[in-house]
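Biologist: I've got a fold to look through and I'd like some help reading it. Can we go feature by feature?

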Amino acid sequence: MTTPNERIEAARAKFGSRLAILGHHYQSDSIIRHVDVQGDSLELARKIPGLAAEHVVFCGVYFMAESAAALARPGQRIHIPHADATCPMADTAPANRLEEVLGELRDQGRLVIPLAYVNSSAEVKAICGLYGGSVCTSANARVMLEWALGQGDAVLFLPDKHLGANTANQLNIPTGERLTVSLRRGAPAVDAKKLPYARLLLWPGTCAIHHMLKKQDIEAVRRAMPGVRVVVHPECSPAVVRAADSAGSTSHIIRYCAQAPKGATIAVGTEVNLVLRLAERHKVEGKTIVPIKTMRCTNMAKTTELRLAELLDTLDDAAPLTLADDVAEHARVALTRMLDICS
Ligand code: SF4
């Protein structure tokens, strides 16, 4: 009986350079060992147009594969091993609700620029492209929010309220100039009296995985491990970010662990697959790297070796992920704006 690993290797031999497998840092080691390119959302998005492969298999969650499809060259086929691997945070921002909210805000006379975290659907990105906005990742949220603030009267940041607030804190945007959008049907999106003073409107979504981490967890790890350095992802709440020694994207966390002195102890607040991989990588340098809490994204975990093998077994006949032409076109505008601004 052939194992999933053997089936994946057989597919690699069969397709050769016609196949590229990409994997997000939050994937398990059993997937990461098969990928050609490993990275965060921005790193992987940047790679797509330059890949020579005809088949690009994206091991991550659905919105990432959609971004790949928007940026793909004609003839390139983007596949995802598990189409149900969605991001619940992205799902808090349905495109039709975003259009309603933007329409309501603009009806009140304010030029509101939408800026979507890449953890959002292709349709949401397309709306951002159409309305003069763009997208951002956790690595470039500060640069992109500064850019967006210069394009209109206010920015609607979505869907992650924590990343929005943490980025606003970096830019010293006063809390009096921030408003949280209400998604209650029939209720106004924001308090009309406060809207004229608002520069930043925050969509009320969060990542349930990073939202699990509390300030008390950081206090507990500091008590248990005196001298520990704490680094967290900015999808954690502002209280957690304030309590940490450093906060940043997955790339930032990887650099932070690499640059810490030999023998350092580091507690990391992000998805546990990445933390355990960093612990393994740096243990030869005498570094102790531990998760602050076991935070596992069940949607990232839906991509298993078996799923990958099943997709690769029938890759020539597999239906690629496709986007409606207008969605692809406008999402590409939003993504390309970000890539140009951050090049
Ligand atoms: S870790 Fe959070 S933001 Fe990332 S895919 Fe999972 S639910 Fe979405």
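Biologist: In what order do the four strands of the open sheet come, and is the pairing parallel or antiparallel?

Modeller: Keep in mind that we're reading a predicted model. For strand order, you follow which strand pairs with which. Here the open sheet runs 2-1-3-4, with parallel pairing. Strand 2 (37–39) and strand 4 (77–79) are at the edges with a single partner strand each, so each has one side without a neighbour in the sheet. From one strand to the next, the twist averages 20°.

Biologist: How many bridges join strand 1 to strand 3?

Modeller: Strand pairing is read from bridges. Strand 1 (residues 19–24) and strand 3 (residues 55–59) run parallel and are joined by five bridges. In that pairing, Leu19 sits opposite His55 of strand 3.

Biologist: And which strands does helix 4 lie across?

Modeller: Look at contacts first, then the angle. Helix 4 (residues 62–71) lies across strand 1, strand 3 and strand 4, and it runs at about 155° to strand 3.

Biologist: Which residues are around the ligand?

Modeller: List the shell, then sort it by class. Val61, Cys87, Pro88, Met89, Asn119, Cys207, Ile209, Glu271, Cys297, Asn299 and Met300 surround the ligand. That shell has eight nonpolar residues, two polar and one charged.

Biologist: Zooming out, how many helices and strands does the chain have?

Modeller: The chain has 16 helices and 13 strands. Its radius of gyration is 21 Å, close to the 20 Å from the globule rule for 343 residues, so the chain is as compact as a globular protein of that length. Buried residues account for 49% of the 343.

Note on methods: Residues numbered from 1 in each chain as written. Predicted model: local features only at pLDDT ≥ 70, side-chain atom pairs only at ≥ 80, totals over all residues. Near = placed C-beta within 6 Å. Nonpolar A, V, L, I, M, F, W, Y, C, P; charged D, E, K, R; others polar. Helix = DSSP H or I, 4+ residues; strand = E, 2+ residues; numbered from the N terminus. Rg over C-alpha atoms; globule rule 2.2 N^0.38 Å. Buried ≥ 20, exposed ≤ 12 C-beta atoms within 10 Å, placed from the backbone. Pairing = 2+ DSSP bridges. Axes fitted to C-alpha atoms, helices over the stretch in contact; angles between N-to-C directions. Contact = placed C-beta atoms within 7 Å.
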